[in-house]
Amino acid sequence: MSEHASGTYGANGHRFPGRLFIVEGIDGSGKSTQLTLLAQWLRSEGYPVVFSEWNSSSIVKATTSRGKRRRLLTPLTFSLIHATDFSDRIEREIVPSLKAGAIVLADRYVYTAFARDVVRGVPPRWVRTLYRFAVVPTQAFYFRVPLEVALKRILSGRPKLKPYESGMDLNLHADIQESYKLFQSRILAEYERLVEEYGLTVMDATKPVEAQQRILRRAIKLHLEALRPGRAHHAAV
Amino acid sequence: MPRFESYGDGVPGVNPEELSGWLIVIEGTDGVGRTTHVSRLRAHLERLGYAVAETGLSRSDLASRGIRRAKEGNILGSNAFNLFYATDFADRLEHQIVPALRSGFVMLTDRYTYSLIARAIVRGADPDWIQQVYSFALKPDAVFYLRIGVTELVPRVLQNGGFDYWESGMDLPMGPDLYESFIAYQSRVIAELDTLARGYGFETIDATQPVDEISDYLATRVSALLEPADRSLDERRAGG
């Protein structure tokens with residue numbers, strides 16, 4: 001992994017007994033499908049699995065929803081409210097689970113914030129400092145997909161786009177669908193930079209689902225040798 | 001040169017060149033008389049003809065409700081709380097402070113980033129990290145730190161309705177006794193504010209002095225701060 005400025009995210013790895021695997025990629029990259037399949041497999045193998053989703057802490061979620069609904073969020077507060085939510089998950093979910101020896105799977109991680117917030121105009125160094133408290137994953141997978149493929153998957157299946165996820169606050173285009181395309185293309189470009197910067201493992205997300213899953217499982221297995229599956233913990237987490 | 005600058009990279013989309021006005025901060029622990037002095041200062045400045053606006057901790061449109069709810073249940077991680085306050089501050093900076101400065105108001109703020117930095121450090125945040133998180137904040141024209149020792153603080157807090165759960169640091173492992181926790185917690189907050197006072201160059205005011213003396217002093221100091229901008233006008237009025 002590359003060098004990271006002290007005082008920013010990534011300078012220190014974690015030494016907890018558990019494992020943390022995360023998936024990243026733009027909407028329509030198929031990362032969530034892959035992670036769900038991975039969780040099912042790991043559970044069936046008897047590993048204690050904790051599934052952590054972006055934007056899920058209930059108290060903070062109410063504020064985020066309010067900010068989105070009433071269009072109160074600016075690039076700065078958008079960044080901070082998501083960091084607040086993420087911090088709560090780190091403190092109360094991810095770190096305790098890792099300490100307990102669980103396999104934690106996260107759908108989106110700090111890289112989502114790095115890509116999205118920087119596209120919104122937040123200084124890259126500042127957002128990397130903001131997330132310094134985040135645990136560095138055991139392995140991070142980036143699902144690389146051409147923009148057109150992702151757009152086709154999203155725009156054919158779900159016509160109702162939300163203003164913030166379409167980057168409407170950036171005034172890229174008056175039409176929400178056009179704005180969404182422009183916003184996603186910028187996020188994609190930012191992700192490519194992050195692959196380099198943080199040594200993310202690139203997955204070819206144009207491959208068939210089951211082929212990707214095979215590759216993913218093979219990669220994960222390498223990190224599980226020291227972890228012993230225990231049926232007893234299965235239901236506990 | 002712009003009137004205002006940030007500690008760090010600034011607020012995305014805000015051009016400091018557009019800002020005029022004044023940003024005046026009153027800092028200090030709970031029960032030190034900040035509210036009284038902010039309202040007296042406001043009345044004084046309005047008598048002089050200045051437009052005045054006010055803000056204070058957790059008064060944002062975005063996050064105030066969430067913070068209140070989280071406090072009621074104590075169900076938010078400690079660092080998440082730090083960032084929730086930062087969100088609240090950023091919202092107020094962008095939606096209250098910046099617009100007021102753009103319009104040439106005197107912005108009086110009842111506590112600024114410093115109290116939030118102090119409470120975060122006491123709760124285990126790395127001092128360097130939390131200060132960098134707040135580096136988008138504008139540097140105020142002046143920070144008046146109403147300082148009081150913890151022993152002098154106790155009778156005031158009792159008079160004002162007693163010990164508050166959060167202001168006593170009851171969310172921290174400082175023991176089950178409210179009074180003892182208050183003493184331990186406030187001592188640490190005061191120590192952190194003292195450190196920040198040195199680092200950021202606050203003007204420290206002994207808050208054990210009589211209230212009228214303090215408010216007269218603040219009025220004089222703030223008037224002096226605002227005066228240079230008006231001098232040319234006064235001179236012209238006096239005929240050069």
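**Exercise 1. What percentage of the 240 residues in chain B do buried residues make up?**

Let's warm up with the overall build of the chains; keep in mind that this is a predicted model.

- Step 1: Buried residues account for 41% of the 240 residues in chain B.
- Step 2: Chain A can be treated likewise, and there buried residues make up 44% of 237.
- Step 3: Now turn to the contacts. In chain B, 78% of those with a separation of 6 or more come from residues 24 or more positions apart. In chain A, 80% of the contacts between residues at least 6 apart in sequence join residues at least 24 apart.

**Exercise 2. Work out how the radius of gyration of each chain fits a compact globule, and add the outer dimensions.**

- Step 1: For 240 residues, a compact globule would have a radius of gyration near 18 Å, so the 19 Å of chain B agrees.
- Step 2: For 237 residues the expected value is likewise near 18 Å, and chain A, with 18 Å, agrees.
- Step 3: Along the principal axes, the C-alpha trace of chain B spans about 70 × 45 × 30 Å. The C-alpha atoms of chain A fill a box of roughly 55 × 40 × 35 Å.

**Exercise 3. Lay out the sheet of chain A, from the order of its strands to the helix that packs on it.**

- Step 1: Take stock of the elements. Chain A has eight helices and five strands, which run β-α-β-α-α-β-α-α-β-α-α-β-α from the N terminus on.
- Step 2: Five strands form an open sheet in chain A with the order β2-β3-β1-β4-β5, and the pairing is parallel.
- Step 3: Find the edges. β2 (49-53) and β5 (201-204) of chain A each have a single partner strand, so one side of each lacks a neighbour in the sheet.
- Step 4: Going from one strand to the next, the twist averages 20°.
- Step 5: Look at one pair in detail. Strand β4 (residues 139-144) of chain A runs parallel to β5(A) and is joined to β5(A) by four bridges. Opposite A:F143 you will find A:M203 in β5(A).
- Step 6: Add the helix. α3 (residues 75-99) of chain A packs on the sheet and touches β1 (19-24), β2 and β3 (103-107) of chain A, with a direction at about 160° to that of β2(A).

**Exercise 4. Which elements give two or more residues to the side of chain A that touches chain B?**

- Step 1: Start with the contact itself, where 27 residues of chain A meet 30 residues of chain B.
- Step 2: The elements asked for are α2 (58-69), α3 and α5 (124-130) of chain A.
- Step 3: α3(A) provides the largest share, eleven residues.
- Step 4: By type, this side of chain A holds 14 nonpolar, nine polar and four charged residues.

**Exercise 5. Follow the largest nonpolar core to one of its members.**

- Step 1: The core has 131 residues, and those touching the most other members are A:Y131, B:F84, B:A86, B:L101, B:M107 and B:I117.
- Step 2: Helix α3 (residues 78-102) of chain B gives this core its largest share, 13 residues.
- Step 3: Leaving out residues up to four places away in sequence, B:A86 touches A:L80, B:L116, B:V133 and B:Y134.

**Exercise 6. Is B:G10 buried, exposed or partly exposed?**

- Step 1: B:G10 lies in the segment before β1 (22-27) of chain B.
- Step 2: Count the other C-beta atoms within 10 Å: there are 19, which means B:G10 is partly exposed, because buried would need 20 or more.
- Step 3: Beyond residues up to four places away in sequence, B:G10 touches B:P16 and B:F136.
- Step 4: B:G10 and B:F136 are 126 residues apart along the chain, with 4.3 Å between their C-alpha atoms.

Key: Residues numbered from 1 in each chain as written. Chains lettered and ligands numbered in written order. Predicted model: local features only at pLDDT ≥ 70, side-chain atom pairs only at ≥ 80, totals over all residues. Core = buried A, V, L, I, M, F, W, Y, C linked by C-beta atoms within 7 Å. Buried ≥ 20, exposed ≤ 12 C-beta atoms within 10 Å, placed from the backbone. Contact = placed C-beta atoms within 7 Å. Pairing = 2+ DSSP bridges. Axes fitted to C-alpha atoms, helices over the stretch in contact; angles between N-to-C directions. Rg over C-alpha atoms; globule rule 2.2 N^0.38 Å. Nonpolar A, V, L, I, M, F, W, Y, C, P; charged D, E, K, R; others polar.
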